[in-house]
Amino acid sequence: MAIFHNTSEIQTPTVQIVEISGTTEATVTTENEGKQHALDCRYLRMARIWAENSYCRRRQVGAIIVKGDMIISDGFNGTPSGFENVCEDEYGVTRPYVLHAEANAITKVARSNNSSDGATLYVTASPCVECAKLIIQSGIRRVVFNELYRITDGVDLLTRAGVKVDHIENLS
């Protein structure tokens with residue numbers, strides 16, 4: 001009796017040593033997980049570059065929605081279409097009508113022929129609770145972000161709703 005393995009299904013595990021708070025921890029990742037991490041970092045770097053389109057002075061945030069292997073939408077924080085590109089008032093306070101990058105990307109895909117159902121959202125900063133509600137309702141199943149914002153209620157809500165949330169600090 002011969003046993004054949006499809007080599008495309010065999011994943012070679014690799015060991016990664018991680019130091020967390022002074023303790024050393026070993027994690028085993030497969031080759032596919034390593035490739036996904038590299039892809040996640042690339043998409044986050046693209047979101048960071050896209051954030052440069054924002055006219056906001058306080059904070060520039062970018063977002064990209066990916067489904068399969070295709071970018072289906074993008075967004076950055078800023079004012080609604082037709083408004084002047086001034087995000088802050090004379091005191092440096094963000095104007096109440098400024099849209100977050102996630103909201104811009106989600107509304108942009110809603111106006112297209114694409115569906116965000118089952119997609120991944122890459123965003124440079126962790127989502128707020130209002131954007132988390134939009135993410136959940138749009139069917140996005142995974143959120144990958146770079147910077148953890150000081151208020152984490154958006155991430156908490158996403159996790160509670162079963163959306164997979166990944167925080168990647170180092171993009172190299």
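# A first look at helix α2 and its surroundings

Helix α2, spanning residues 101-110, is mostly covered, with seven of its 10 residues buried. You are looking at a predicted model, and the mean pLDDT of the protein is 87. The protein has four helices and seven strands, and 35% of its 172 residues count as buried. The notes below start with the overall layout, then turn to the helices and two single residues.

**The overall layout**

- Reading from the N terminus, you meet the elements in the order β-β-α-β-β-α-β-α-β-α-β.
- Among contacts in the protein with a separation of 6 or more, 46% are between residues 24 or more positions apart.

**How far to trust the model**

- A pLDDT of 70 or more is reached by 83% of the residues.
- Residues 1-21 are a stretch to treat with care, as pLDDT stays under 50 there.
- For residues 1-21 the model has 28 contacts beyond four places in sequence.
- Where pLDDT is low, the predicted coordinates should not be read in detail.

**Helix α2 and what covers it**

- The buried residues of α2 are Ala 101, Glu 102, Ala 103, Asn 104, Ala 105, Ile 106 and Val 109.
- These buried residues pack against three strands and a helix: β3 (62-67), β4 (70-76), β5 (120-125) and α3 (129-138).

**Where α2 meets α3**

- The axes of α2 and α3 are 9 Å apart, and the two helices pack at an angle of about 25°.
- Because that angle is under 35 degrees, α2 counts as roughly parallel to α3.
- The crossing of α2 and α3 is left-handed.
- On the α2 side, Glu 102, Ala 103 and Ile 106 take part, and they meet Cys 131, Leu 134, Ile 135 and Ser 138 of α3.
- Sorted by class, the residues of this contact of α2 with α3 are five nonpolar, one polar and one charged.

**Where α3 meets α4**

- Helix α4 covers residues 153-160, and its axis comes within 7 Å of the axis of α3, crossing at roughly 25°.
- That angle makes α3 roughly parallel to α4.
- The crossing of α3 and α4 is right-handed.
- From α3, the contact uses Val 129, Ala 132, Lys 133, Ile 135 and Ile 136, while α4 brings Asp 153, Gly 154, Leu 157 and Leu 158.
- Six nonpolar, one polar and two charged residues make up the contact of α3 with α4.
- If you are following single residues, Ile 135 of α3 is worth finding: Ile 135 is among the residues that meet α2, and Ile 135 also belongs to the contact with α4.

**A residue in strand β5: Thr 124**

- Thr 124 sits in strand β5, one of the strands that the buried residues of α2 pack against.
- Thr 124 has a relative accessibility of 6%, so Thr 124 counts as buried.
- Beyond its neighbours within four places in sequence, Thr 124 is in contact with Leu 44, Ala 47, Arg 48, Gln 60, Val 61, Gly 62, Asn 146 and Glu 147.

**A residue in a loop: Gly 92**

- Gly 92 is found in the loop between β4 and α2.
- With a relative accessible area of 27%, Gly 92 is partly exposed.
- Along the chain, Gly 92 and Cys 56 are 36 residues apart, and their C-alpha atoms are separated by 9.9 Å.

Notes
Residues numbered from 1 in each chain as written. Predicted model: local features only at pLDDT ≥ 70, side-chain atom pairs only at ≥ 80, totals over all residues. Heavy atoms only, no water. Buried < 20%, exposed > 50% of the residue type's maximum accessible area, 1.4 Å probe, protein only. Contact = heavy atoms within 4.5 Å. pLDDT = per-residue confidence, 0-100. Axes fitted to C-alpha atoms, helices over the stretch in contact; angles between N-to-C directions. Parallel < 35°, antiparallel > 145°, perpendicular 65-115°, else oblique. Left-handed = near helix turned anticlockwise from the far one by under 90°. Nonpolar A, V, L, I, M, F, W, Y, C, P; charged D, E, K, R; others polar.
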